[in-house]
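Biologist: I'd like to go through this model with you, one question at a time. Could you take me through your reasoning as well as the answers?

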Amino acid sequence: MGKEHSKLKPEQLEDLRKNTAFTDEEINEWYRGFIKDCPSGKLTKDEFKKIYANFFPSGDATTFAGHVFRTFDTNNDGTIDFREFLCALSVTSRGNLEQKLKWAFNMYDLDGNGFISKHEMLEIVSAIYKMVGSTMKMPEDESTPEKRTDKIFRQMDKNLDDRLSQKEFIDGAMNDPTIVQLLQCDPGSSS
């Protein structure tokens with residue numbers, strides 16, 4: 001069994017070369033690490049949450065990791081295979097701002113209806129607040145998930161329908177770097 005996952009097939013490598021921003025060498029390196037950590041070739045939601053929790057030891061990353069997992073698991077089979085993992089990693093680490101925002105939009109759009117409701121935004125923002133714990137000092141108008149959600153909607157919801165289309169979300173973020181900071185929950189970062 002160990003041998004069947006030891007190396008990517010040429011057609012898999014070609015597919016990943018076309019669909020990611022990684023070189024052949026990087027793809028193979030990521031694959032070796034993925035198979036080492038996930039010998040079955042699949043990453044479960046629980047395994048993903050455990051890995052994610054290591055990055056946020058002072059907070060509770062469980063809920064947010066679940067949302068990230070859902071966005072990585074593009075075929076909705078309850079696991080992340082190497083292709084799903086690397087394609088998502090490529091967008092989140094090497095994609096341009098618009099690609100990253102489209103990916104983020106899909107994570108925030110919990111029901112997949114093409115819009116982000118205030119409830120959906122609050123769900124994600126609350127998960128982020130739980131994840132970062134008390135390690136971040138927030139301005140008063142962002143001191144709670146509700147205040148941050150209201151602030152994002154005030155800045156992005158141009159037609160005032162209490163939901164964000166993908167266009168409103170992307171345009172709002174691209175036209176105002178502070179919104180990207182709000183979405184990332186990082187007052188000191190704008191990328």
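Biologist: How do the residues lining the second largest pocket divide into nonpolar, polar and charged?

Modeller: Keep in mind that this is a predicted model. The pocket in question has a volume of about 370 Å³, and 20 residues line it. Sorted by type, that lining divides into six nonpolar, seven polar and seven charged.

Biologist: Which helix gives the largest share of the lining of that second largest pocket?

Modeller: Three helices each supply at least two lining residues: α4 (62-72), α5 (82-94) and α6 (97-108). Nearest the pocket's centre you'll find T71, T74, K102, W103 and N106. The largest share of the lining, though, is five residues, and they come from α5.

Biologist: Let's move to the aromatics. What kind of pair do F22 and W30 form?

Modeller: The structure holds 15 aromatic pairs, so there's plenty to pick from. For F22 and W30, the ring centres are 6.4 Å apart and the planes meet at 55°. An angle that is neither under 30 degrees nor over 60 leaves one class, so the F22 and W30 pair is tilted.

Biologist: And is F22 buried or exposed?

Modeller: Its partner W30 has a relative accessible area of 36%, which makes W30 partly exposed. F22 has a relative accessibility of 7%. The cut-off for buried is under 20%, so F22 counts as buried.

Biologist: How many residues apart are F48 and F72?

Modeller: The rings of F48 and F72 have centres 5.5 Å apart and planes at 55°, so they make a tilted pair. F48 is in helix α3 (residues 45-53) and F72 is in helix α4, so the pair links distant parts of the chain. Both F48 and F72 are buried. Along the chain, F48 and F72 are apart by 24 residues.

Biologist: Which ring does the charged end of R163 sit over?

Modeller: To count, the CZ of an Arg has to be within 6 Å of the ring centre. The charged end of R163 is 3.4 Å from the centre of the ring it sits over. That ring belongs to F115.

Biologist: Which residues does S165 touch, leaving out those up to four places away in sequence?

Modeller: S165 lies in strand β4. At 18% relative accessibility, S165 is under the 20% cut-off and so counts as buried. Its contacts are F105, G114 and F115.

Biologist: Where is L160, the residue with a positive phi that is not a glycine?

Modeller: The phi of L160 is about 55°. L160 is exposed, with a relative accessible area of 70%. Its place is in the loop between α8 and β4 (163-165).

Biologist: What is the phi of D162 near?

Modeller: D162 also lies in the loop between α8 and β4. With a relative accessible area of 48%, D162 is partly exposed. D162 isn't a glycine, yet its phi is positive, near 60°.

Biologist: Last one: which residues does T149 touch, again not counting those up to four places away in sequence?

Modeller: T149 is found in helix α8 (residues 145-156), and at 3% relative accessibility it counts as buried. P39 is 110 residues from T149 in sequence and 40 Å from it in space, C-alpha to C-alpha. The residues T149 touches are K118, M121, L122 and V125.

Technical notes. Residues numbered from 1 in each chain as written. Predicted model: local features only at pLDDT ≥ 70, side-chain atom pairs only at ≥ 80, totals over all residues. Heavy atoms only, no water. 1 Å grid on protein atoms, 1.4 Å probe; cavity = no way out; pocket = protein on both sides within 12 Å on 5 of 7 lines; lining within 4 Å. Points joined across faces, edges and corners; volume = space filled by probe spheres on them. Helix = DSSP H or I, 4+ residues; strand = E, 2+ residues; numbered from the N terminus. Nonpolar A, V, L, I, M, F, W, Y, C, P; charged D, E, K, R; others polar. Phe/Tyr/Trp six-rings, centres within 6.5 Å; stacked < 30°, edge-to-face > 60°. Buried < 20%, exposed > 50% of the residue type's maximum accessible area, 1.4 Å probe, protein only. Lys NZ or Arg CZ within 6 Å of the ring centre and 35° of its normal. Contact = heavy atoms within 4.5 Å.
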